[in-house]
Amino acid sequence: MSVLPRPAASGRGLVLRTWPTGETSVIASVLTAEHGLLRLMAKGARQTRSRLRPLVQPGRVAELEFSLDPARELQYLRGGGLVLDPLAGRATLERTAYLLAALEIVDRCRPGDGHEAGLFALCQDYVQVLSCADAGREAALYYAFEVALLDLQGVRPLLEA
(Lines give C-alpha, C1' and ligand atoms only; values in the text may rest on other atoms or scores of the structure.)
Protein backbone atom coordinates (compact mmCIF):
# COMPACT_ATOMS: atom_id res chain seq x y z
CA MET A 1 0.00 0.00 0.00
CA SER A 2 1.36 3.38 -1.00
CA VAL A 3 1.55 6.28 1.45
CA LEU A 4 1.35 8.77 -1.40
CA PRO A 5 -2.08 10.32 -2.00
CA ARG A 6 -3.96 9.35 -5.12
CA PRO A 7 -3.65 11.88 -7.95
CA ALA A 8 -6.49 14.37 -7.75
CA ALA A 9 -8.01 16.83 -10.18
CA SER A 10 -10.80 19.34 -10.13
CA GLY A 11 -12.83 21.20 -12.69
CA ARG A 12 -16.26 22.09 -13.91
CA GLY A 13 -18.29 19.20 -15.28
CA LEU A 14 -21.68 18.51 -16.83
CA VAL A 15 -23.38 15.26 -15.81
CA LEU A 16 -24.62 13.50 -18.95
CA ARG A 17 -26.10 10.34 -17.41
CA THR A 18 -25.93 8.12 -14.35
CA TRP A 19 -26.23 4.42 -13.54
CA PRO A 20 -26.94 2.89 -10.14
CA THR A 21 -24.30 0.48 -8.90
CA GLY A 22 -24.25 -1.52 -5.70
CA GLU A 23 -26.72 -0.63 -3.00
CA THR A 24 -26.02 3.09 -2.64
CA SER A 25 -23.52 4.21 -5.28
CA VAL A 26 -23.79 5.80 -8.72
CA ILE A 27 -21.56 5.88 -11.78
CA ALA A 28 -21.83 9.21 -13.57
CA SER A 29 -20.78 10.03 -17.11
CA VAL A 30 -19.38 13.58 -16.85
CA LEU A 31 -18.15 15.89 -19.59
CA THR A 32 -15.37 18.32 -18.60
CA ALA A 33 -13.47 20.91 -20.61
CA GLU A 34 -10.03 19.91 -19.32
CA HIS A 35 -10.33 16.12 -19.10
CA GLY A 36 -13.00 15.25 -21.68
CA LEU A 37 -15.44 12.50 -20.81
CA LEU A 38 -14.98 10.86 -17.41
CA ARG A 39 -16.76 8.05 -15.65
CA LEU A 40 -16.96 8.90 -11.95
CA MET A 41 -17.95 6.56 -9.13
CA ALA A 42 -19.93 8.44 -6.49
CA LYS A 43 -19.90 6.24 -3.40
CA GLY A 44 -23.12 6.51 -1.39
CA ALA A 45 -24.70 9.08 -3.76
CA ARG A 46 -28.11 7.40 -3.69
CA GLN A 47 -28.43 7.92 0.06
CA THR A 48 -30.79 10.74 0.97
CA ARG A 49 -28.26 12.75 2.97
CA SER A 50 -25.26 12.18 0.71
CA ARG A 51 -23.22 15.30 -0.09
CA LEU A 52 -22.53 13.79 -3.55
CA ARG A 53 -26.21 13.26 -4.44
CA PRO A 54 -26.87 16.79 -5.81
CA LEU A 55 -23.68 16.64 -7.89
CA VAL A 56 -24.59 13.57 -9.93
CA GLN A 57 -28.02 14.43 -11.28
CA PRO A 58 -28.17 14.54 -15.12
CA GLY A 59 -27.99 18.05 -16.54
CA ARG A 60 -26.35 19.65 -13.54
CA VAL A 61 -23.17 21.66 -13.88
CA ALA A 62 -20.85 21.36 -10.88
CA GLU A 63 -17.34 22.12 -9.73
CA LEU A 64 -16.03 18.63 -9.09
CA GLU A 65 -13.07 17.14 -7.25
CA PHE A 66 -12.14 13.63 -8.32
CA SER A 67 -9.31 11.15 -8.51
CA LEU A 68 -7.48 11.14 -11.82
CA ASP A 69 -5.47 8.04 -12.55
CA PRO A 70 -4.86 7.60 -16.30
CA ALA A 71 -4.47 3.84 -15.78
CA ARG A 72 -8.07 3.57 -14.53
CA GLU A 73 -11.21 3.82 -16.60
CA LEU A 74 -13.34 4.64 -13.55
CA GLN A 75 -12.38 7.57 -11.32
CA TYR A 76 -13.74 8.41 -7.86
CA LEU A 77 -15.78 11.53 -7.13
CA ARG A 78 -14.53 13.11 -3.91
CA GLY A 79 -16.70 16.19 -3.62
CA GLY A 80 -17.59 19.51 -5.16
CA GLY A 81 -20.22 22.18 -5.37
CA LEU A 82 -23.29 22.69 -7.53
CA VAL A 83 -23.02 25.54 -10.05
CA LEU A 84 -26.24 25.24 -12.05
CA ASP A 85 -29.36 23.10 -11.93
CA PRO A 86 -31.31 23.85 -15.13
CA LEU A 87 -34.52 22.38 -13.75
CA ALA A 88 -34.51 24.17 -10.39
CA GLY A 89 -37.88 25.80 -9.93
CA ARG A 90 -38.91 25.36 -13.58
CA ALA A 91 -39.03 21.61 -14.19
CA THR A 92 -41.70 21.29 -16.87
CA LEU A 93 -42.10 18.18 -18.97
CA GLU A 94 -40.89 20.00 -22.11
CA ARG A 95 -37.81 21.48 -20.44
CA THR A 96 -36.88 18.12 -18.91
CA ALA A 97 -37.40 16.25 -22.19
CA TYR A 98 -35.26 18.65 -24.24
CA LEU A 99 -32.53 18.71 -21.61
CA LEU A 100 -32.34 14.91 -21.46
CA ALA A 101 -32.44 14.65 -25.27
CA ALA A 102 -29.48 17.03 -25.57
CA LEU A 103 -27.52 15.12 -22.94
CA GLU A 104 -28.23 11.84 -24.73
CA ILE A 105 -26.97 13.00 -28.13
CA VAL A 106 -23.84 14.50 -26.55
CA ASP A 107 -23.13 11.25 -24.72
CA ARG A 108 -23.59 9.20 -27.90
CA CYS A 109 -21.79 11.37 -30.46
CA ARG A 110 -18.88 13.17 -28.87
CA PRO A 111 -16.56 14.67 -31.50
CA GLY A 112 -13.29 13.62 -29.81
CA ASP A 113 -9.96 14.73 -31.32
CA GLY A 114 -9.44 17.51 -28.79
CA HIS A 115 -12.85 19.15 -29.28
CA GLU A 116 -13.99 18.41 -25.74
CA ALA A 117 -13.41 22.00 -24.58
CA GLY A 118 -15.63 23.34 -27.36
CA LEU A 119 -18.22 20.67 -26.70
CA PHE A 120 -18.27 21.43 -22.98
CA ALA A 121 -18.65 25.17 -23.66
CA LEU A 122 -21.52 24.50 -26.08
CA CYS A 123 -23.28 22.22 -23.60
CA GLN A 124 -22.79 24.60 -20.69
CA ASP A 125 -24.22 27.48 -22.77
CA TYR A 126 -27.22 25.36 -23.76
CA VAL A 127 -27.94 24.38 -20.16
CA GLN A 128 -27.65 28.02 -19.01
CA VAL A 129 -29.95 29.32 -21.74
CA LEU A 130 -32.46 26.51 -21.23
CA SER A 131 -32.55 27.16 -17.48
CA CYS A 132 -33.85 30.71 -17.98
CA ALA A 133 -35.78 30.35 -21.26
CA ASP A 134 -39.42 31.29 -21.51
CA ALA A 135 -41.91 28.44 -21.66
CA GLY A 136 -42.50 27.33 -25.24
CA ARG A 137 -38.96 28.19 -26.44
CA GLU A 138 -37.43 24.82 -25.50
CA ALA A 139 -37.84 23.25 -28.96
CA ALA A 140 -36.19 26.14 -30.81
CA LEU A 141 -33.27 26.14 -28.36
CA TYR A 142 -32.84 22.39 -28.74
CA TYR A 143 -32.76 22.54 -32.55
CA ALA A 144 -30.24 25.39 -32.43
CA PHE A 145 -28.14 23.26 -30.09
CA GLU A 146 -28.31 20.32 -32.52
CA VAL A 147 -27.12 22.50 -35.42
CA ALA A 148 -24.26 23.88 -33.30
CA LEU A 149 -23.28 20.32 -32.31
CA LEU A 150 -23.22 19.25 -35.97
CA ASP A 151 -21.12 22.31 -36.77
CA LEU A 152 -18.65 21.38 -34.02
CA GLN A 153 -18.36 17.92 -35.57
CA GLY A 154 -17.77 19.43 -39.02
CA VAL A 155 -20.97 18.14 -40.61
CA ARG A 156 -23.26 21.16 -40.42
CA PRO A 157 -26.01 21.00 -43.03
CA LEU A 158 -26.52 23.88 -45.46
CA LEU A 159 -29.69 25.60 -44.39
CA GLU A 160 -30.96 28.03 -47.01
CA ALA A 161 -34.38 28.82 -45.60
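Helices (DSSP runs of H or I, at least four residues) and strands (DSSP runs of E, at least two residues) are numbered from the N terminus. The model shown here is predicted, so local features need pLDDT of at least 70 and side-chain atom pairs count only at pLDDT 80 or more, while totals for chains, interfaces and linings use all residues. Residues are numbered from 1 along each chain as its sequence is written, and side-chain values use heavy atoms, with hydrogens and water left out.

**View 1. Five strands close into a barrel.** Let us start with the sheet. The 5 strands follow the order 1-2-3-5-4, and their pairing is mixed. From one strand to the next, the twist averages 50°. Angles here run from 0 to 180 degrees between N-to-C directions, and axes are lines fitted to C-alpha atoms, for helices over the stretch in contact. Two strands are said to pair if DSSP finds at least two bridges between them. As a reminder for reading the strands, side chains in a regular strand alternate between the two faces of the sheet.

**View 2. Strand 2 has strand 1 and strand 3 as pairing partners.** Strand 1 and strand 2 run antiparallel and are joined by 8 bridges. One of the bridge pairs puts P20 with V26 in strand 2. Just 3 residues lie between the strands in this hairpin, where G22 takes a positive phi near 65°. On to the next pair: strand 2 (residues 25-32) and strand 3 (residues 36-42) are antiparallel too, with 7 bridges. Look for V30, which stands opposite L38 in strand 3. Helix 1 packs on the sheet here and touches strand 1 (8-21), strand 2 and strand 3; contact means heavy atoms within 4.5 Å. The direction of helix 1 makes about 105° with that of strand 1.

**View 3. Strand 4 is mostly covered.** Of the 7 residues in strand 4, 5 are buried. Buried means under 20% relative accessible area, exposed means over 50%, and partly exposed is in between, with a 1.4 Å probe and protein chains only. Strand 1 and strand 4 run antiparallel, with 7 bridges between them. Two handy landmarks are G13, opposite A62 in strand 4, and A9, whose bridge partner in strand 4 is F66. Strand 4 is also joined by 6 bridges to strand 5 (residues 74-84), again running antiparallel. L64 stands opposite G80 in strand 5, and the hairpin of strand 4 and strand 5 has 6 residues between the two strands.

**View 4. P54 and R78 are both partly exposed.** P54 is found in the loop between strand 3 and strand 4 (61-67), and its relative accessibility is 33%. Leaving aside residues up to four places away in sequence, P54 touches R60 and L82. The C-alpha atom of P54 is separated by 24 Å from that of R108, 54 residues apart along the chain. R78 is found in strand 5, and its relative accessible area is 30%. For R78 and A148, 70 residues apart along the chain, the C-alpha separation is 33 Å.

**View 5. Helix 1 meets helix 3.** A packed helix pair is described by the angle between the axes and the distance between them. For helix 1 (residues 93-108) and helix 3 (residues 138-153), the axes come within 10 Å and cross at roughly 10°. The two helices are therefore roughly parallel to each other. That label applies to angles under 35 degrees, while over 145 counts as roughly antiparallel, 65 to 115 as roughly perpendicular and the rest as oblique. E94, R95, Y98, A101, A102, I105 and V106 in helix 1 meet a set in helix 3 made of E138, A139, Y142, Y143, F145, E146 and L149. By class, this contact has 10 nonpolar, no polar and 4 charged residues. Ala, Val, Leu, Ile, Met, Phe, Trp, Tyr, Cys and Pro count as nonpolar, Asp, Glu, Lys and Arg as charged, and the others, Gly among them, as polar.

**View 6. A search of the whole structure finds 0 disulfides.** A disulfide is counted when a pair of cysteine sulfur atoms lies within 2.5 Å. Why is C109 without a bond to C123? The sulfur of C109 has its closest cysteine sulfur in C123, at 9.4 Å, which is too far for a bond. C123 also holds the cysteine sulfur closest to that of C132, and at 16 Å this is again too far. C109 is partly exposed at 29% relative accessibility, whereas C132 is exposed at 54%.
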